[in-house]
Each structure stands twice: as structure tokens, then as C-alpha cells.
Amino acid sequence: MQPGNTPLVEFPHLAPPGTRLFAKLEWFNPTGSIKDRAAWFMFANAVENGRLKAGQPLIEATSGNTGIGLARLALLNGHPMVICLPDTATEERKQLLRAYGAELIEVAGGPNGAIAHARALVEGGEGHMLYQYGNRWNVYAHFFGTSLELIRDWPLEQPPTHFFAAYGTGGTLTGNSRGLVRRWTGIRIHSVEPFVDDPISGMRSQDDPFQPPVADLSLVTDRHEVRSSTAGGLVATTMHVEGQFVGTSSGAVLHAAVDTLDREGGTAVALLPDAGWKYLSGPPWSSM
Ligand code: PMP
């Protein structure tokens with residue numbers, strides 16, 4: 001099964017009166033997240049250009065979703081998979097990675113610590129790294145995939161006025177912004193980020209000293225910083241009013257979308273990276 005062709009649905013109860021909000025549900029991908037798209041494109045390209053040899057170990061630094069997508073491809077194609085991940089990653093993520101057969105190396109120092117560790121392993125000749133932070137196929141997955149699907153599936157005559165996505169490696173924002181502005185000139189591109197001192201799994205702040213080389217935010221028109229507790233609040237609200245069980249970064253994206261529609265009106269489309277299953281051991285569910 002290939003990633004993509006995920007459903008685009010309306011969230012009529014979350015949208016403020018007089019506005020419309022549509023969401024693309026990225027947990028309908030093979031391993032349950034938007035990162036299946038990048039994993040597929042990066043893996044296919046590395047096989048095609050001969051850089052990834054048959055049976056060679058794959059090494060990747062990831063907070064979870066890219067690793068889960070790559071671990072599935074490694075398993076299906078006969079490659080050992082080594083994942084360097086922050087030691088703060090949730091138990092659900094680690095269990096899922098192990099279930100896909102990956103070897104886990106837990107590293108201190110957050111995502112940046114994981115990147116440094118993976119780089120050291122590759123320099124020591126231990127395997128091939130697709131390196132999602134610097135791999136342009138991470139962007140192409142959205143330029144040639146997600147953004148074309150959005151344009152194809154958009155149900156209204158008028159294009160949306162706002163597009164919202166979470167910033168992590170920047171693959172999603174870079175690829176979609178480049179794709180969408182070609183057809184929907186004038187659309188506002190909103191980058192949704194955590195505060196540097198209040199992380200949200202899978203997301204990165206533009207204030208973080210490490211900015212992924214693959215990220216080009218030049219088409220971004222608006223930037224939103226969202227507290228993790230605010231994101232958790234929107235996760236619970238979305239469950240209650242739309243009956244959709246979204247992950248924390250989706251909660252952040254939806255907060256920014258609802259807030260903007262509330263202030264400015266219009267029609268918005270939001271990319272929701274994953275569902276809530278991997279976050280059950282964290283807020284808001286852990287306190288229930
Ligand atoms: N949300 C979640 C849950 C993620 O795993 C990621 C990937 N890091 C993102 C958002 C951001 O996506 P991207 O890497 O394409 O910027």
C-alpha cells in the first residue's frame with residue numbers, strides 16, 4: 001500500500017460561525033501519519049539512485065513518525081533499521097517501532113541529540129541515513145503528493161483563504177506551500193509551531209538554533225506559536241465536537257486555524273499529521 005490519497009473532510013462544528021474549516025486526515029496513511037509520504041519518497045529515491053544497497057542497514061534520527069514509516073519499508077524490503085530517538089519519546093512510539101522490527105537507540109538532548117548520534121553512526125560506516133532534515137524528497141513528497149491532492153479534492157468553487165500545517169522538518173510546509181501557491185495565488189500559508197521551551201512531539205520552533213536545511217519558509221505568511229496545553233485542549237474539543245481523535249500536533253494546527261477564522265473569517269484547510277493513539281500516555285488523556 002502506497003501513502004497518500006487521504007480523506008479531506010469538513011469540521012463544521014469546530015469552525016466558528018460563518019467560516020468553513022476542512023481537514024486532511026493524514027492518519028489514513030499506512031503507518032498512521034503524514035511521514036509515510038516522506039519515508040516512501042526518500043526510500044524509493046535512495047534505491048533508485050543506488051545509494052541504498054540491498055540489505056544495508058538504514059539509520060535515521062526521528063521523534064517517531066518518520067521512523068515508523070521507514071521501519072515498515074525496511075521490514076518489507078529486507079533492511080535492518082536503526083532508529084535514534086529522543087529519550088523523551090512516548091512508550092507507544094517505542095513499542096510500535098520495536099513491533100516493526102527496528103533497533104532503538106535512545107539519546108539525550110532531544111531531536112538535536114538524536115541527529116548528532118545518527119550522524120556519528122553513519123560516519124562510522126554503520127549504514128545509510130536518508131536524513132529527512134536535508135533530503136529534498138521529504139519536500140517532493142508534498143509538492144508532488146499532498147498539495148496536488150488538496151487542489152484535486154477541494155470541494156468549494158472558491159479556493160481556501162488559509163492553509164495551516166505544523167512545522168517539524170519543514171517538509172510539509174515547504175512542499176505544500178510551493179505547490180499550493182501555484183494554483184491558489186493569494187492563499188495565506190500558516191506555520192504552526194511550539195514555543196522553544198514547551199515542545200510538542202514532531203514539531204520544531206523557528207527559534208530553535210537548528211533549522212533543517214530542507215526547510216524553506218519563504219512562502220509562509222503567518223506564524224503561530226502554540227502552548228502544548230492549548231494543543232491538548234483542542235485535541236479534547238475535536239474529539240467531543242467532531243468525533244475525531246487527533247494527535248497533539250493536529251491539536252496545535254487546529255487551534256491556530258480556529259483562532260484565525262474566529263478573528264478574520266474565511267475558509268481554511270488544515271493538515272492533521274496523525275491521530276491520538278500514540279499520545280494516550282500523555283496529556284490530556286493521562287489525567288483521565
Ligand atoms: N506532527 C507530527 C506528529 C510529526 O511527526 C511531524 C514530523 N516531524 C510533524 C508534525 C511535522 O512535519 P514535517 O516534518 O513535514 O515538518
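Begin the tour at the second largest pocket of this predicted model, where about 170 Å³ of space is found. To see what surrounds that space, select N45, R51, L130, N135 and W137, which are, of the 13 residues that line the second largest pocket, the closest to its centre.

Next, colour the elements that contribute to this wall: α1 (35–48), β6 (128–129) and α5 (136–153) are the ones that give two or more residues to the lining of the second largest pocket. The largest share of that lining comes from α1, which supplies 3 residues. If you then colour the lining of the second largest pocket by class, you should find 6 nonpolar, 5 polar and 2 charged residues.

Now move to the ligand and show the residues around it. Of the 15 residues in this shell, N65, G168, T169, T172 and S249 come nearest, so to speak, as a first selection to display. By class, the shell around the ligand divides into 4 nonpolar, 9 polar and 2 charged residues.

With the ligand still in view, turn to individual side chains and look at the distances to its oxygen atoms. Select T172, where a polar side-chain atom lies 2.5 Å from an oxygen atom of the ligand, and then T169, which has an N or O atom in its side chain 2.6 Å from an oxygen atom of the ligand. Add K35 to the selection as well, since a polar atom of its side chain lies 2.9 Å from an oxygen atom of the ligand. If you switch on a surface here, keep in mind that the ligand has 390 Å² of accessible area on its own, and that the protein covers 97% of this area.

Finally, hide the side chains and show the strands as a cartoon. Here 4 strands form an open sheet, which you can follow in the order β5-β4-β3-β6, and the pairing is parallel. The edge strands of this sheet are β5 (103–107) and β6, each of which pairs on one side only.

To end, zoom in on β6 together with its partner, strand β3 (residues 58–61): these two strands run parallel and are joined by 2 bridges. Select L58 and look across to β6, where H128 stands opposite L58.

Conventions. Residues are numbered from 1 along each chain as its sequence is written. This is a predicted model: local features need pLDDT of at least 70, side-chain atom pairs count only at pLDDT 80 or more; totals for chains, interfaces and linings use all residues. Side-chain values use heavy atoms; hydrogens and water are left out. On a 1 Å grid over the protein atoms alone, a cavity is a set of points where a 1.4 Å probe fits but cannot get out, and a pocket is an open set with protein on both sides within 12 Å along at least five of seven lines; lining residues have an atom within 4 Å of a point. Grid points are joined across faces, edges and corners, and a volume is the space filled by probe spheres set on the points. Ala, Val, Leu, Ile, Met, Phe, Trp, Tyr, Cys and Pro count as nonpolar, Asp, Glu, Lys and Arg as charged, and the others, Gly among them, as polar. A residue is near a molecule or strand if one of its heavy atoms lies within 4 Å of it. A polar contact is a pair of N or O atoms within 3.5 Å; within protein, one must be able to donate a hydrogen and the other to accept it, and residues adjacent in sequence count only if both atoms are side-chain atoms. Accessible areas come from the Shrake-Rupley method with a 1.4 Å probe; for residues, only the protein chains shown count as cover. Two strands pair if DSSP finds at least two bridges between them.
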